[in-house]
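Here is a walk through how strands and helices fit together in one protein chain. Take a look at the structure before reading on.

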Amino acid sequence: MKGNFEFRTRKSNRSLWVIECIDPNCNWRLRALKIVPESTKFVIRKNVGVHCFSLLNRNANHRQATYVVIGEQVAPQYVGVEKGLGPKGVQNFARTKLGAQISYYKARMGRKHAHTLIRGLPEQSFHILLSYFHMLEKLNLGTVTRIEVDRDSRFNLFVAFGVVIRGFRYMRKVVGIDGTFLKGQYRGILLVATTQDGNGQCYPLAWGIVDSENEDAWTWFLTQLKEVIGDTDELALISDRAPSIKKAISTVFEKAHHGACAWHVAQNIKNKFKCADIMGSYWSTVNSYRCEDFVGYMTEISHRYPRVAEYLENEVGFEKWFQCHYPGLRYNITPTNMVKSLNSMLVNARDFPYVSLLDVIQEKMSKWWNDRRIVAMAITAPLTLSWESEFRPRFAQSNGRHTLQLNPVTYHVKCSELEGVVDIFNKTCTCKEFDIDKLPCVHAIVAAHHAQVSVYSLVSP
């Protein structure tokens, strides 16, 4: 093939294969016989390996450069990687490595065949799912897996790794949920639930694959999730405003609170009202801690865009997206942004067979956990790197503040920007940052120094 010589099959059966040069005047030929009738291997008995026709008869559009041959040759390029070569990359590989000019279509089919050789057929993935889940549960203690098949042979899949379940007890209970389309032969929807670890990093809790993103699918997924993370007043579930998710959450979780993703609300505002210039005021509203500040920003929005203000108040509901009105605890966590990051991370794996997709997820999470373990072992400060970096500017701002002690646990901290009354026993401040973030604000740091209390003791888990 590299020499651009083509051949044709003269004779082919179960025990004999004879090929010869496509030019009848050329003596090049090869004859191979099966070693023994039961074997699948052939041995070359005759090989005339020299072509004797004109070089002008060479053809770079090689007839033997089928998509199967191309796929077999290019398959090693996809081992251990998610994306690998695209169709144009396969064309370049065939030209430089095989000396063959192939069409874009043949390159795409060759790439698809290479994927099949490396990752298997989707049908094979279905056949080994039960065995795959059994080994997951056996090798990762505490792992929860579920497979449910309905009458139409459509199935739901759920997996939560044991190490993740054990770690969630130490996390703040804010969970983002979302779904993304799969692109493989059988399509489906990949569902994910995630939160943040103590260092502000993505912490995927559970994964699911369902036939479509509807109320029944979300109800099934959230039912499995509830068995893993429980249902308490401290739990906050954040999602987009899809009616199917809203109904499923209200059906499955009795105690947890549901909140709307501020990012999704922002996208809806831009798409529905065509007013991207209001985003500054919107995000100021989202990030404000005190109701007084919230009212000021909302007044500005209502004056400029009354329909947006009406949408935020009546359709979305203040209690769904503004932290001061939210009935539960959301802290300063935005888990749905992490869900989007997870979906982007798997963009190249979404057309894989299901088992190969789960392998990618498991490999990435294993690497994350090991990398984070190494970083955590090197930390000597009381808090994680993320919280320490959040703390340092507040320490710097606390210098020179005047403090008035009102009673054994209450302090009035005066400053030029915003005064605050701090209760170091109940861990509250009138600026509301301490209340919502559960991390001492500037006023609380000043009060802790005055009370000779370690500021780290005021950090909530």
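What follows goes through two sheets, the helices lying on one of them, two helix pairs and an aromatic pair.

## Before we start

Keep in mind that this is a predicted model.

## The four-stranded sheet

Let's begin near the start of the chain. Strands pair through backbone hydrogen bonds, and they can do that either parallel or antiparallel. Here, four strands make an open sheet in the order β1-β2-β3-β4, and the pairing is antiparallel. The edges belong to β1 (7–12) and β4 (42–48); each has a single partner strand, so one side of each has no neighbour in the sheet. From one strand to the next, the twist averages 20 degrees.

Now go through the sheet pair by pair. β1 and β2 (residues 16–21) are held in an antiparallel pairing by five bridges, and a hairpin of three residues takes the chain from β1 to β2. If you want a landmark, find Phe7: its bridge partner in β2 is Cys21. Next, β2 runs antiparallel to β3, with five bridges joining them, and here Glu20 sits opposite Arg29 in β3. Finally, β3 (residues 29–34) pairs with β4 in the antiparallel sense over six bridges. Two spots to look for in that last pairing are Leu30, opposite Asn47 in β4, and Ala32, opposite Ile44 in β4.

## The seven-stranded sheet

Further along the chain there is another open sheet, this one with seven strands. Its order is β5-β6-β9-β8-β7-β10-β11, and the pairing is mixed. Which strands stand at the edges? They are β5 (144–149) and β11 (257–260), each with a single partner strand, so one side of each is left open in the sheet. On average, and ignoring direction, neighbouring strands of this sheet are turned by 20 degrees against each other.

One pairing to pick out is that of β8 (residues 189–196) with β9: they run antiparallel and are joined by eight bridges. Along it, Ala193 has Ala206 in β9 as its bridge partner.

## Helices across the sheet

Two helices to look for here are α6 and α7. Helix α6 (residues 215–229) lies across β5, β6 (155–160), β7 (174–181), β8 and β9, and runs at about 25 degrees to β6. Helix α7 (residues 243–252) lies across β7, β10 (236–239) and β11, and its angle to β10 is about 165 degrees.

## Two helix pairs

A pair of packed helices can be described by the angle between the axes and the distance between them. Take helix α9 (residues 279–287) and helix α10 (residues 291–304): their axes come within 9 Å and cross at roughly 155 degrees. Angles over 145 degrees count as roughly antiparallel, so that is how α9 sits against α10. The crossing is left-handed. On the α9 side, the contact is made by Ser281, Tyr282, Ser284 and Thr285, while α10 brings Phe294, Tyr297, Met298, Glu300, Ile301 and Arg304. By class, these contact residues are five nonpolar, three polar and two charged.

Now compare helix α15 (residues 385–397) and helix α17 (residues 442–450). Their axes also come within 9 Å, but they cross at roughly 65 degrees. That makes α15 roughly perpendicular to α17, and α15 passes α17 in a right-handed crossing. Phe391, Arg394, Phe395 and Gln397 of α15 meet Val442, Ile445 and His449 of α17. The residues in this contact split into four nonpolar, two polar and one charged.

## An aromatic link

How many aromatic pairs does a search of the whole structure find? It turns up 12. One of them is formed by Tyr203 and Trp369, whose ring centres are 5.2 Å apart; their planes are at 35 degrees, so the pair counts as tilted.

Why does this pair tie together separate parts of the sequence? Tyr203 lies in strand β9 (residues 202–210) and Trp369 in helix α14 (residues 354–377), so the pair links parts that are 166 residues apart in sequence. That brings us back to the seven-stranded sheet, where β9 is placed between β6 and β8 in the strand order.

Notes:
Residues are numbered from 1 along each chain as its sequence is written. This is a predicted model: local features need pLDDT of at least 70, side-chain atom pairs count only at pLDDT 80 or more; totals for chains, interfaces and linings use all residues. Side-chain values use heavy atoms; hydrogens and water are left out. Axes are lines fitted to C-alpha atoms, for helices over the stretch in contact, and angles run from 0 to 180 degrees between N-to-C directions. Angles under 35 degrees count as roughly parallel, over 145 as roughly antiparallel, 65 to 115 as roughly perpendicular and the rest as oblique. A crossing is left-handed if the near helix is turned anticlockwise from the far one by less than a right angle, and right-handed if clockwise. Contact means heavy atoms within 4.5 Å. Ala, Val, Leu, Ile, Met, Phe, Trp, Tyr, Cys and Pro count as nonpolar, Asp, Glu, Lys and Arg as charged, and the others, Gly among them, as polar. Two strands pair if DSSP finds at least two bridges between them. Rings of Phe, Tyr and Trp (its six-membered ring) pair if their centres lie within 6.5 Å; planes under 30 degrees apart count as stacked, over 60 as edge-to-face and the rest as tilted.
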